[in-house]
Amino acid sequence: MTVGPYDGDFIKWHAPSNWRDHYEVMQFTGLMDKNRIEVYEGDIVKFLYNSTPQEEHIGVVEWNERDCAFTFAKLFLEPTPRMTMEVIGNIYENPELLKDKE
């Protein structure tokens, strides 16, 4: 690998040229789950709505290009006091968590 002057691009200068073959870059949503874990695009999350009866949903955090927002099951990813959100995996390391949901 050739190293030149550092220009602020860590991956460009410190990672192998084929880094995309080995890593997936996941965008941070700016949100944290109930355990203070950062929520990223591609994470599999479990939502528990504190209603009667309680509703639980599992799905993937995705970027919605049309609305320029992170979404979950086509809904805007906006936690409210009436629900809790927990990261339980991601689509790259735990795809089996979604097999029942497809």
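Trainee: Which of the chain's elements has the lowest mean pLDDT?
Mentor: Keep in mind that we're looking at a predicted model, so confidence is a good place to start. At the top end sits strand E2 (residues 38-40), with a mean pLDDT of 92. At the bottom, with a mean of 53, is helix H1 (residues 10-14).

Trainee: And over which residues is the pLDDT below 50?
Mentor: Across the chain the average is 77, and 71% of the residues score at least 70. The stretch you're after still has nine contacts in the model beyond near neighbours in sequence. Its pLDDT is below 50, and it covers residues 1-6.

Trainee: How many strands are there in the chain?
Mentor: Read from the N terminus, the elements go α-β-β-β-β-β-β-β. That gives one helix, and the count of strands is seven.

Trainee: How do E4 and E5 run, parallel or antiparallel?
Mentor: The two form a hairpin with four residues between them, and Cys 68 in that turn has a positive phi of about 50 degrees. Glu 62 stands opposite Thr 71 in E5. Four bridges join strand E4 (residues 55-64) to E5, and the direction is antiparallel.

Trainee: Which residues of E5 are buried on the side opposite Ala 69 and Thr 71?
Mentor: In a regular strand, side chains alternate between the two faces of the sheet. E5 is covered on both faces, with Ala 69 and Thr 71 buried on one side. On the other side, the buried residues are Phe 70 and Phe 72.

Trainee: Let's do aromatics. At what angle are the planes of Phe 47 and Phe 72?
Mentor: A ring pair is described by the distance of the centres and the angle of the planes. The whole structure has three aromatic pairs. In this one the ring centres of Phe 47 and Phe 72 are 4.3 Å apart, and the pair is tilted because the planes stand at 55 degrees.

Trainee: How many residues apart in sequence are the parts that this pair ties together?
Mentor: Phe 47 and Phe 72 are both buried. Phe 47 belongs to strand E3 (residues 43-49) and Phe 72 to strand E5 (residues 69-72), so the pair ties together parts whose separation in sequence is 25 residues.

Trainee: What kind of pair do Trp 63 and Phe 70 make?
Mentor: Their ring centres are 4.9 Å apart. The planes of Trp 63 and Phe 70 are at 70 degrees, and the cut-off to beat is 60, so the pair is edge-to-face.

Trainee: What is the relative accessible area of Trp 63?
Mentor: Its partner Phe 70 counts as buried, at 15% relative accessibility. Trp 63 falls in the partly exposed class, with a relative accessible area of 37%.

Trainee: On to charges. Which residues are joined into one network by salt bridges that share partners?
Mentor: Side chains of opposite charge can pair when their charged atoms come close. Glu 86 meets Lys 34 at 3.8 Å, N to O, and this pair ties together parts 52 residues apart in sequence, because Glu 86 is in strand E7 and Lys 34 in the loop between E1 (28-32) and E2. Lys 46 in strand E3 also bridges to Glu 86, at 3.9 Å, so that pair ties together parts 40 residues apart. With partners shared, the network is made up of Lys 34, Lys 46 and Glu 86.

Trainee: Asp 67 forms a salt bridge with which residue?
Mentor: Asp 67 is partly exposed, with a relative accessible area of 29%. Its partner is exposed at 72%. The closest N and O atoms are 3.1 Å apart, and the partner is Arg 66.

Trainee: What distance separates the C-alpha atoms of Val 87 and Lys 46?
Mentor: Val 87 is placed in strand E7 (residues 83-90). Beyond its neighbours within four places in sequence, Val 87 has contacts that include Asp 33, Val 39 and Val 45. Val 87 and Lys 46 are 41 residues apart along the chain, yet their C-alpha atoms are separated by 6.4 Å.

Trainee: Last one: what share of the chain's residues is buried?
Mentor: The chain exposes about 7700 Å², and carbon and sulfur atoms supply 51% of that area. Out of the 102 residues in the chain, the buried share is 25%.

Key: Residues numbered from 1 in each chain as written. Predicted model: local features only at pLDDT ≥ 70, side-chain atom pairs only at ≥ 80, totals over all residues. Heavy atoms only, no water. Phe/Tyr/Trp six-rings, centres within 6.5 Å; stacked < 30°, edge-to-face > 60°. Buried < 20%, exposed > 50% of the residue type's maximum accessible area, 1.4 Å probe, protein only. pLDDT = per-residue confidence, 0-100. Contact = heavy atoms within 4.5 Å. Pairing = 2+ DSSP bridges. Areas by Shrake-Rupley, 256 points an atom, 1.4 Å probe, with all protein chains shown as cover. Salt bridge = Lys/Arg side-chain N within 4 Å of Asp/Glu carboxyl O.
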